[in-house]
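Subject: Structure handover

Hi,

Here's the structure I promised to pass on. Have a look at it first, and then read my notes below.

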Amino acid sequence: MYFAALLARTEDGWEASDTELDDVETLADLTDLARQASVDDDTVLAFIEQEDAWFGVVRLDGEEDPRIYVSDAAAAARSSYGEILLTDELLGREPEDDLDSLVDLDGTEDGEPESEGEESATDDDAVPPGPIGDSGILEDLGMSSKELMALNGDALNEIADVLGCGEVLEAVR
């Protein structure tokens with residue numbers, strides 16, 4: 001079970017909205033959705049959580065690039081919503097060249113298994129377990145990177161409580 005919400009900072013505090021991610025396929029889609037919730041290009045936080053397995057926070061400040069934190073990259077990689085957050089840049093990978101995906105460069109025919117002893121994935125393709133991303137994403141809002149990285153369980157409510165918007169988030173849960 002997933003939970004996703006947008007928290008937009010306003011002059012009067014935070015406004016929360018429950019959000020559906022059915023039409024979100026990429027980080028750009030999520031960024032567009034979050035920017036629509038923004039009031040006067042102020043800070044917007046997108047919270048995504050899969051039960052107690054992992055959570056992610058995406059922060060947008062005006063037109064700046066999104067900042068991302070994921071509590072457990074390996075767990076998120078097994079989730080369609082987690083894959084949205086785990087960009088090549090976040091994982092430290094070179095972006096995949098679209099031409100490589102169209103041409104089979106390993107010498108095998110399409111559908112033919114690779115030779116025994118050959119590995120199909122490199123170590124670079126492995127997603128590291130544990131937290132990944134910008135752990136200082138919420139420091140100026142009152143939560144240190146150490147506190148963020150120590151969270152588990154009901155993490156999004158704990159974050160919202162620190163930010164002073166726990167009741168607002170709870171209203172959309």
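What joins β1 to β2, and through how many residues? The link between β1 and β2 is a hairpin, and it takes two residues.

Before going further, please keep in mind that this is a predicted model.

Let me start with the overall layout. The chain has 173 residues, and 40% of them count as buried. You'll find eight helices and six strands, and along the sequence they come in the pattern β-β-α-β-β-β-α-α-α-α-β-α-α-α. Of the contacts with a separation of 6 or more, 56% are between residues 24 or more positions apart. The accessible surface is about 10200 Å², with carbon and sulfur atoms making up 43% of it.

Now the sheet. It is an open one of six strands with antiparallel pairing, and the order across it is β2-β1-β3-β4-β5-β6. The edges are taken by β2 and β6 (132–133); each has a single partner strand, so one side of each has no neighbour in the sheet.

Strand β1 (residues 2–10) is a good place to start looking. Seven of its nine residues are buried, so the rest of the structure largely encloses it. Its antiparallel pairing with β2 (residues 13–18) runs over six bridges, and its antiparallel pairing with β3 runs over seven. L7 lets you see both pairings at once: it stands opposite A16 in β2 and opposite L45 in β3.

Further across, β4 (residues 54–61) and β5 (residues 67–70) run antiparallel and are joined by four bridges. V57 has Y69 as its bridge partner in β5. Helix α1 (residues 27–37) packs on the sheet here, touching β1, β3, β4 and β5, and its direction makes about 60° with that of β4. Another helix, α7 (residues 155–163), lies across β1, β2, β3 and β4 and runs at about 155° to β3.

If you want one residue to zoom in on, I'd pick F47. Where does F47 sit? It is in strand β3, which covers residues 43–50. Is F47 buried or exposed? The cut-off for buried is under 20% relative accessible area, and F47 has a relative accessibility of 1%, so it counts as buried.

And which residues does F47 touch, once its neighbours within four places in sequence are left aside? The contacts are F3, A4, A5, L7, G56, V57, L156, I159 and L169. F3 is worth a second look: F3 and F47 are 44 residues apart in sequence, yet their C-alpha atoms are 7.8 Å apart in space. Among the other contacts of F47 are L7 and V57, which you have already met: L7 as the residue opposite L45, and V57 as the bridge partner of Y69.

One last thing, the largest pocket. The space in it is about 200 Å³. Its lining is made up of L27, D65, P66, R67, I68, T87, E89, L90, G133 and D134. The elements that supply two or more residues to that lining are β5 and α4 (88–91).

That's the tour; it's all yours now.

Cheers

Definitions and conventions: Residues numbered from 1 in each chain as written. Predicted model: local features only at pLDDT ≥ 70, side-chain atom pairs only at ≥ 80, totals over all residues. Heavy atoms only, no water. Buried < 20%, exposed > 50% of the residue type's maximum accessible area, 1.4 Å probe, protein only. Contact = heavy atoms within 4.5 Å. Pairing = 2+ DSSP bridges. Axes fitted to C-alpha atoms, helices over the stretch in contact; angles between N-to-C directions. Areas by Shrake-Rupley, 256 points an atom, 1.4 Å probe, with all protein chains shown as cover. 1 Å grid on protein atoms, 1.4 Å probe; cavity = no way out; pocket = protein on both sides within 12 Å on 5 of 7 lines; lining within 4 Å. Points joined across faces, edges and corners; volume = space filled by probe spheres on them.
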